[in-house]
Amino acid sequence: MNPIFVALDTPDIHRAVAIARDVRGLAGGVKLGLEFFCANGEEGVLRIAEGELPVFLDLKFHDIPNTVAKAVAALAHLEPAILTVHAAGGREMLAAAKAAASPKTKVVGVTVLTSLDAADLAAAGISGSPADQVKRLTDLAQQSGIDGIVCSGEEVAAAKKQWPDGFFVVPGVRPEGADVGDQKRVVTPAQALSDGASVLVIGRPITGAPNPAQAIRDIAGTLNSSEEARV
Ligand SMILES: O=c1ccn([C@@H]2O[C@H](COP(=O)(O)O)[C@@H](O)[C@H]2O)c(=O)[nH]1
């Protein structure tokens with residue numbers, strides 16, 4: 001499986017369609033998040049799905065089990081390849097999300113956002129490092145029956161050891177020297193992949209490039225040959 005999913009973080013449907021077209025045949029899929037979904041809804045998702053790349057719906061649901069289950073059920077007919085919920089929503093909520101999803105969808109739990117560091121966790125009253133919190137939430141996710149987690153590349157090797165057959169989505173990925181923006185726990189695509197990432201989520205380094213297709217080719221070229229063979 002090609003691990004590169006391009007984050008189409010724009011409210012502009014025409015721009016999203018154009019980038020999805022540019023990266024077709026080079027990316028493993030596209031990721032649609034809150035910015036896109038709030039602006040374009042289900043109709044927008046269907047437009048992007050016409051491009052025939054697998055669609056990852058990154059809506060990061062976090063609510064009581066009944067509400068999350070109903071939200072996931074309302075989207076189940078779209079059969080996204082991947083769907084996110086917040087692992088901190090608890091075991092019951094995670095299990096309810098999995099039960100409501102299409103069997104074709106991998107449900108993954110966001111552990112600690114890649115835009116947060118230890119100081120941010122402390123400010124929110126969470127003790128320990130991001131790695132400690134990712135470990136706790138990975139346990140919870142595994143016990144709940146969902147398919148995997150979202151974590152940074154800094155934690156993915158440990159998470160893979162903890163959950164060998166888990167599915168690991170890694171955002172906060174930056175080619176050497178690229179602008180990190182608001183991301184705080186960042187690794188290179190090659191590092192994330194060799195440490196066990198199943199999917200690399202990459203947005204601005206591709207969508208902000210003058211030539212998104214070339215940006216993906218450049219990233220693929222940084223992966224070592226055995227990993228590159230998967231792209
Ligand atoms: O912990 C998380 C969870 C999700 N994301 C999402 O990934 C992309 C990253 O975009 P870049 O432009 O490559 O920074 C974005 O859609 C986030 O919502 C994340 O970054 N971290």
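What follows is a conversation between a visitor and a guide about a predicted model of a protein.

Visitor: What makes the overall form agree with that of a compact globule?

Guide: With 231 residues, a compact globule would have a radius of gyration near 17 Å, and the protein has 17 Å, so the value agrees with the rule. Taken along the principal axes, the C-alpha atoms fill a box of roughly 40 × 35 × 30 Å. Within that box the protein has 11 helices and 8 strands, and 43% of its 231 residues count as buried.

Visitor: How much of the contact pattern comes from residues that are 24 or more positions apart?

Guide: Among the contacts with a separation of 6 or more, 67% are accounted for by residues 24 or more positions apart.

Visitor: Which residues does the record list as a domain, and what does that span look like in the model?

Guide: UniProt, in an unreviewed entry, lists residues 3-219 under "domain: Orotidine 5'-phosphate decarboxylase". In the model this span is 43% helix and 17% strand, and its end C-alpha atoms lie 11 Å apart.

Visitor: Why is Glu-42 called exposed?

Guide: A residue is exposed if 12 or fewer other C-beta atoms lie within 10 Å of its own; Glu-42 has 12 such atoms, and therefore it is exposed. Glu-42 lies in helix α2, which covers residues 34-49. From Glu-42 to Val-150, 108 residues apart in sequence, the C-alpha to C-alpha distance is 23 Å.

Visitor: Why is Val-134, by contrast, called buried?

Guide: The word buried requires 20 or more other C-beta atoms within 10 Å, and Val-134 has 26, so it is buried. Val-134 is found in helix α6, and, leaving aside neighbours within four places in sequence, it is in contact with Thr-111, Val-112, Cys-151, Glu-155 and Ala-159. Its C-alpha atom is separated by 9.7 Å from that of Leu-113, which is 21 residues away along the chain.

Visitor: What makes Lys-60 partly exposed?

Guide: Partly exposed is the class between 12 or fewer and 20 or more C-beta atoms within 10 Å; Lys-60 has 16 others, and so it belongs there. Lys-60 is in strand β3, and UniProt, again in an unreviewed entry, places the feature "active site" at this residue. Apart from neighbours within four places in sequence, Lys-60 is in contact with Thr-84, Val-85, His-86 and Val-110.

Visitor: What is noted about the phi of Lys-60 and of Glu-79?

Guide: Most residues other than glycine have a negative phi. Lys-60, although not a glycine, has a positive phi of about 45 degrees, and Glu-79, also not a glycine, has a positive phi of about 45 degrees. Glu-79 is in the loop between α3 and β4, and it is partly exposed because 16 other C-beta atoms lie within 10 Å.

Visitor: How do you know that Pro-103 is exposed?

Guide: Pro-103 has 7 other C-beta atoms within 10 Å, and therefore it is exposed, since the limit for that word is 12 or fewer. Pro-103 lies in the loop between α4 and β5, and the C-alpha atoms of Pro-103 and Ala-76, 27 residues apart in sequence, are 8.9 Å apart in space.

Visitor: Which residues have the most contacts inside the largest nonpolar core?

Guide: This core has 66 residues, and those with the most contacts inside it are Val-6, Val-30, Ala-97, Val-170 and Leu-200. Its largest share, 5 residues, comes from helix α4, residues 91-100. In that helix Met-93, Leu-94, Ala-96, Ala-97, Lys-98 and Ala-100 are buried, and what covers the buried residues of α4 includes β3, α3, β4, β5 and α6. Leu-200, leaving aside neighbours within four places in sequence, is in contact with Pro-3, Ile-4, Phe-5, Val-170, Val-173, Pro-189, Ala-192 and Leu-193.

Visitor: How many residues surround the ligand, and of what kinds are they?

Guide: There are 16 residues around the ligand, and the closest are Ala-7, Thr-114, Pro-171, Gly-203 and Arg-204. The shell divides into 7 nonpolar, 6 polar and 3 charged residues.

How values were computed. Residues are numbered from 1 along each chain as its sequence is written. This is a predicted model: local features need pLDDT of at least 70, side-chain atom pairs count only at pLDDT 80 or more; totals for chains, interfaces and linings use all residues. A nonpolar core is a set of buried Ala, Val, Leu, Ile, Met, Phe, Trp, Tyr and Cys residues joined through C-beta atoms within 7 Å. Helices (H or I, at least four residues) and strands (E, at least two) are DSSP runs, numbered from the N terminus. Two residues are in contact if their C-beta atoms, placed from the backbone, lie within 7 Å. A residue is near a molecule or strand if its C-beta atom, placed from the backbone, lies within 6 Å of it. Ala, Val, Leu, Ile, Met, Phe, Trp, Tyr, Cys and Pro count as nonpolar, Asp, Glu, Lys and Arg as charged, and the others, Gly among them, as polar. The radius of gyration is taken over C-alpha atoms; the globule rule is 2.2 Å times the number of residues to the power 0.38. UniProt positions are given in the numbering used here, feature names are shortened, and annotations may be inferred rather than shown by experiment.
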